[in-house]
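Got your viewer open? Load the model, turn it around once, and then follow the stops below.

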Amino acid sequence: LNAFFLLFGSCMVFFMQAGFAVLEVGAIPHRLGGRVLLKNIFDACIGALSWWAFGYALAYGSDSFQKNGDNGFIGRSGFFYENQGTGEDASPLTGTRFART
């Protein structure tokens, strides 16, 4: 049930980004509509790659705060989804969607 709400929320955020794209296209001249939609697609791709490379590690990576009290703010491991298990949860999809928006 928890995974369902994560997936549902990430789909809603995805469609929210599509709504912003439609709003943005409606606010510019007709001849520039394709460029704006292409910019939004590139934004989605770059956002997903950035989350894959750095975002997951900074948000959920382990740190050394409990060992020696050093750096309890961001994670220091898990960059590029290194050693993240089988991927059975919805966290990567949800994180990607929210990081892109």
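Here is a term you'll need all the way through: buried means under 20% relative accessible area, exposed means over 50%, and partly exposed is in between, worked out with a 1.4 Å probe and protein chains only. You're looking at a predicted model, in which local features need pLDDT of at least 70 and side-chain atom pairs count only at pLDDT 80 or more, while totals for chains, interfaces and linings use all residues. Residues are numbered from 1 along each chain as its sequence is written, and side-chain values use heavy atoms, with hydrogens and water left out.

**The whole chain**

Start with a cartoon view. You should find four helices and zero strands, so read along the sequence the pattern is α-α-α-α. Helices (H or I, at least four residues) and strands (E, at least two) are DSSP runs, numbered from the N terminus.

Now switch on the surface. The protein exposes about 7400 Å², and carbon and sulfur atoms supply 67% of that. These accessible areas come from the Shrake-Rupley method with a 1.4 Å probe; for residues, only the protein chains shown count as cover. Of the 101 residues, 25% are buried.

One more overall number concerns contacts, meaning heavy atoms within 4.5 Å. Take the contacts with a separation of 6 or more: 49% of them are between residues 24 or more positions apart.

**Stop one: the rings in helix H1**

Select Phe4, Phe5 and Phe8, which ring pairs link into a cluster. Rings of Phe, Tyr and Trp (its six-membered ring) pair if their centres lie within 6.5 Å; planes under 30 degrees apart count as stacked, over 60 as edge-to-face and the rest as tilted. The structure holds three aromatic pairs. For Phe4 and Phe5, the ring centres are 5.4 Å apart and the planes sit at 65 degrees, so this pair is edge-to-face. Phe4 and Phe8 are stacked instead, at 6.1 Å centre to centre with 20 degrees between the planes.

Why are Phe4 and Phe8 separated by about one helical turn? Because they are four residues apart in helix H1, which covers residues 2–26. Phe8 counts as partly exposed, because its relative accessibility is 46%.

**Stop two: the cysteines**

Next, pick out Cys11 and Cys45. Buried or exposed, or something in between? Cys11 is partly exposed, at 39% relative accessibility, and Cys45 is partly exposed too, with a relative accessible area of 42%. How many disulfides does a search of the whole structure find? Zero, where a disulfide is a pair of cysteine sulfur atoms within 2.5 Å.

**Stop three: a salt bridge**

Show the side chains of Lys39 and Glu24. They meet in a salt bridge, 3.6 Å from N to O. Lys39 lies in helix H2 and Glu24 in helix H1, so the pair ties together parts that are 15 residues apart in sequence. A salt bridge is a side-chain nitrogen of Lys or Arg within 4 Å of a carboxyl oxygen of Asp or Glu, and a search of the whole structure finds one. Both partners are partly exposed: Lys39 at 43% relative accessibility and Glu24 at 30%.

Stay here and add Asn40, which lies in helix H2, residues 33–60. At 14% relative accessibility, Asn40 counts as buried. Leaving aside neighbours within four places in sequence, Asn40 is in contact with Gln17, Ala21 and Glu24.

Then compare Arg35, also found in helix H2. Arg35 counts as exposed, because its relative accessibility is 61%.

**Stop four: a nonpolar patch**

Finally, colour Leu49, Trp52, Phe54, Leu58, Ile74 and Phe80: together they make a nonpolar surface patch of about 570 Å². Patches are made of residues with over 30% relative accessible area and no salt bridge; like charges are joined within 9 Å, and nonpolar side chains (Val, Leu, Ile, Met, Phe, Trp, Tyr) within 5 Å.

Zoom in on Trp52 in helix H2. Trp52 is partly exposed at 37%, and it touches Phe80 and Tyr81, not counting residues up to four places away in sequence. Leu58 lies in helix H2 and is partly exposed, with a relative accessible area of 38%.

For a last look, select Ser50, whose place is in helix H2. Ser50 and Thr96 are 46 residues apart in sequence, and their C-alpha atoms are 8.6 Å apart in space.
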